Amino acid sequence: MGPPAHLLTGQVGAEKWHKDTHATVQETSTLTKRCGKDALELWRPAKVPGQAEETPYERKLKIDSWKFKIDVSDSGEVKRKPPEGPGVTLWKCKIKPPPWVGKLTLPCTRDYSNTKNNEYVAQYFRETRLVVSRLRQALIEINEQFKGIMRMRQQLNAMLDKIRQGLMTNKQSKAIREHRAETEKISDKVDALMKWEKEEFTKLKMKLQDMMAWSGDHLKVRN
């Protein structure tokens, strides 16, 4: 018998963890886009000696000339193609600037990104190991409970055997007393005691059988 169906469906992990992870991914995506935009603003093509500093308007026109152009094929299909000539094609940003000189220290940016990624992965592994440790501890506790239930069932079986033996003895004693002489068949305290004993044994038997059924259901759920 396999695990319950509700344990095999749905997402794994706490809802808060999913929300935090989603927020982290969104923040990372936003940061990546912003870094790409900032890098494009900070990086400049190789400057010709003696050339005057460009104005913001000239800068905007130059950036617009780097953007992908819309190309309509004969079949009517619309595509975006990078401009002709040398340059660095940024497919995500849909822009192709010419070769440039970076004002940002790329190794530092790469190292920072790697460090943050490593920290995120390390945190994920720590949380995963914590979950595995808790699951292992839960498995140990379940096994101990299983052993306890098995010991209890053994004790219940032994008690049920004694009760069945007592009921059998009570029945045999009652049958033997039926063979008394007619003058001795008047009900007395012995008959009342045997009747009380049978009732008590019957109650205990039903109670122990219910406990056996309860423990059996627990074992079925575990299996």
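Okay, let me start with one residue: Asp64 is partly exposed, with a relative accessible area of 27%. I'll come back to what Asp64 pairs with in a second. Before that, please keep in mind that this is a predicted model, so everything I show today is computed from it.

So, Asp64. Which residue does it bridge to? Lys67: the two form a salt bridge, and their closest N and O atoms are 3.4 Å apart. Lys67 is partly exposed as well, at 39% relative accessible area. And there's a third member here, since Lys60, Asp64 and Lys67 are linked in a network of salt bridges.

Let me zoom out for a moment. The protein chain has 223 residues, and 12% of them count as buried. In secondary structure you get 4 helices and 4 strands. If you walk from the N terminus, the order of elements is α-β-α-β-β-β-α-α. Keep that string in your head, as I'll be hopping around in it.

Back to salt bridges. How many are there by the rule we use? The count comes to 6. As a reminder of the principle, side chains of opposite charge can pair when their charged atoms come close. I'll show you two others besides the Asp64 one.

One sits in helix α1. Asp20 and Lys16 meet through their side chains in a salt bridge, 2.9 Å from N to O. They're 4 residues apart in α1, so about one helical turn separates them. As for the surface, Asp20 counts as partly exposed at 39% relative accessibility, while Lys16, at 60%, counts as exposed. The cut-off for exposed is over 50%, and that's why Lys16 with its 60% gets the label.

The other one is in helix α3. Glu144 forms a salt bridge with Lys147, with 4.0 Å between the closest N and O atoms. Again this is about one turn of helix: both residues lie in α3, 3 residues apart. Here both partners are partly exposed, Glu144 with a relative accessible area of 42% and Lys147 at 44%.

Okay, strands. Have a look at β2, residues 69-72, and β3, residues 78-81. They run antiparallel, and 4 bridges join them. Who faces whom? Asp71 stands opposite Lys79 in β3, and Ile70 has Arg80 in β3 as its bridge partner. The two strands make a hairpin with 5 residues between them. If you go looking in the turn, stop at Gly76: it has a positive phi of about 90°.

Now the surface, where I've got two patches for you. Let's do the nonpolar one. It's formed by Trp17, Val25, Tyr120, Val121, Tyr124 and Phe125, and together they have about 560 Å² of accessible area. Which helices feed it? α1, residues 15-42, and α3 each supply at least two residues. The largest share comes from α3, with 4 residues. One of the members is Tyr120, which is found in helix α3. At 40% relative accessibility, Tyr120 counts as partly exposed. Patch members need over 30% relative accessible area, so Tyr120 at 40% clears that bar.

The other patch is a charged one. Lys171, Lys174, Lys195 and Lys198 gather on the surface as a patch of positive charge. What supplies it? Helices α3, residues 106-177, and α4, residues 189-222, each give at least two residues. Take Lys174 as an example: you'll find it in helix α3, partly exposed with a relative accessible area of 47%. So α3 turns up in both patches, supplying at least two residues of the nonpolar one and at least two of the positive one.

Since we're at α4, one last thing. Glu197 is found in that helix, and at 29% relative accessibility it counts as partly exposed. How far is the C-alpha atom of Glu197 from that of Asn170? The separation is 7.7 Å, with the two residues 27 apart along the chain.

Quick recap, then. We had the network of Lys60, Asp64 and Lys67, the β2 and β3 hairpin with Gly76 in the turn, the nonpolar patch with its largest share from α3, and the positive patch of Lys171, Lys174, Lys195 and Lys198. That's what I've got, thanks for listening.

Notes:
Residues are numbered from 1 along each chain as its sequence is written. This is a predicted model: local features need pLDDT of at least 70, side-chain atom pairs count only at pLDDT 80 or more; totals for chains, interfaces and linings use all residues. Side-chain values use heavy atoms; hydrogens and water are left out. Patches are made of residues with over 30% relative accessible area and no salt bridge: like charges are joined within 9 Å, nonpolar side chains (Val, Leu, Ile, Met, Phe, Trp, Tyr) within 5 Å. Accessible areas come from the Shrake-Rupley method with a 1.4 Å probe; for residues, only the protein chains shown count as cover. Lys and Arg count as positive and Asp and Glu as negative; His and the chain ends are not counted. The place of a charge is taken as NZ of Lys, CZ of Arg, CG of Asp or CD of Glu. Buried means under 20% relative accessible area, exposed over 50%, partly exposed in between (1.4 Å probe, protein chains only). Two strands pair if DSSP finds at least two bridges between them.
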